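Open the model in your viewer and keep the selection tool ready. The stops below each give something to select and say what is there.

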Amino acid sequence: MTEFVAKNFNQLTTNELFQIYQLRVTVFVVEQACAYQEVDGLDLTAQHLVRFDEAQRLSAYARIMDEGSQVRIGRVVVAPFARKQGIGRKLVAAAIATAQQNYPRAQQIVIQAQAYLQEFYASFGFEPVSDVYLDTGIPHLDMVLPMQ
């Protein structure tokens, strides 16, 4: 499968959930050397945007959370084996489209972006709304995309 699919927690298979947690921990905890509680209660209510390759390996993931007047996109990650193929750009575009389609009453989409990705997210229309700050030792900033 090469398309992005949005699923709620109860729609995920145990294998899909295992791959999601494995990828997130591999990148956000091990690769980025950040010790924090990566798996949290937001997973229970978030939509999980997944993309599997032909071998059924999770190649890209993001979670989308309804926060009332806004939607948050988080845990945006491309598997190491799938990087440098434009999948990250497709993932963010799919996450924005999913947020707009599923939460039409939201006024904006928000992200907590790693600072080095500011230009990448700006290319989708996200604008910074905070100064750069450290989160788990990594420079981040808050960015907003108004809903249209």
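The tour goes from a pocket to one of the strands in its lining, then on to a helix and a single residue.

This is a predicted model, in which local features need pLDDT of at least 70, side-chain atom pairs count only at pLDDT 80 or more, and totals for chains, interfaces and linings use all residues. Residues are numbered from 1 along each chain as its sequence is written, and side-chain values use heavy atoms, with hydrogens and water left out.

**Stop 1: the pocket**

Select F28, V76, V77, L117 and Y121, the residues closest to the centre of the largest pocket among the 37 that line it. A pocket here is an open set of points on a 1 Å grid over the protein atoms alone, where a 1.4 Å probe fits, with protein on both sides within 12 Å along at least five of seven lines; lining residues have an atom within 4 Å of a point. The volume of the largest pocket is about 1000 Å³, counted as the space filled by probe spheres set on the points. Its lining consists of 20 nonpolar, 9 polar and 8 charged residues; Ala, Val, Leu, Ile, Met, Phe, Trp, Tyr, Cys and Pro count as nonpolar, Asp, Glu, Lys and Arg as charged, and the others, Gly among them, as polar.

**Stop 2: strand 4**

Which strand gives the most to this lining? Strand 4 does, with 7 residues; select 70–78 to show it. Strands (E, at least two residues) and helices (H or I, at least four) are DSSP runs, numbered from the N terminus. Strand 4 is largely enclosed by the rest of the structure, because 7 of its 9 residues are buried (under 20% relative accessible area, with a 1.4 Å probe and protein chains only).

Add strand 3, which pairs with strand 4 in the antiparallel sense over 6 bridges; pairing takes at least two DSSP bridges. M65 has R72 as its bridge partner. In the hairpin between these strands, select G68, which takes a positive phi near 85°.

On strand 5, V110 stands opposite R72. Strand 4 and strand 5 run parallel and are joined by 3 bridges.

**Stop 3: helix 2**

Select 87–102, which is helix 2. Its buried residues include I87, L91, V92 and A99. The end C-alpha atoms are 22 Å apart, which agrees with the span expected for 16 residues at 1.5 Å a residue (1.5 Å times one less than the number of residues).

**Stop 4: D135**

Finish at D135, in strand 7. Its C-alpha atom is 9.4 Å from that of C34, 101 residues apart along the chain.

Terms used:
Buried < 20%, exposed > 50% of the residue type's maximum accessible area, 1.4 Å probe, protein only.
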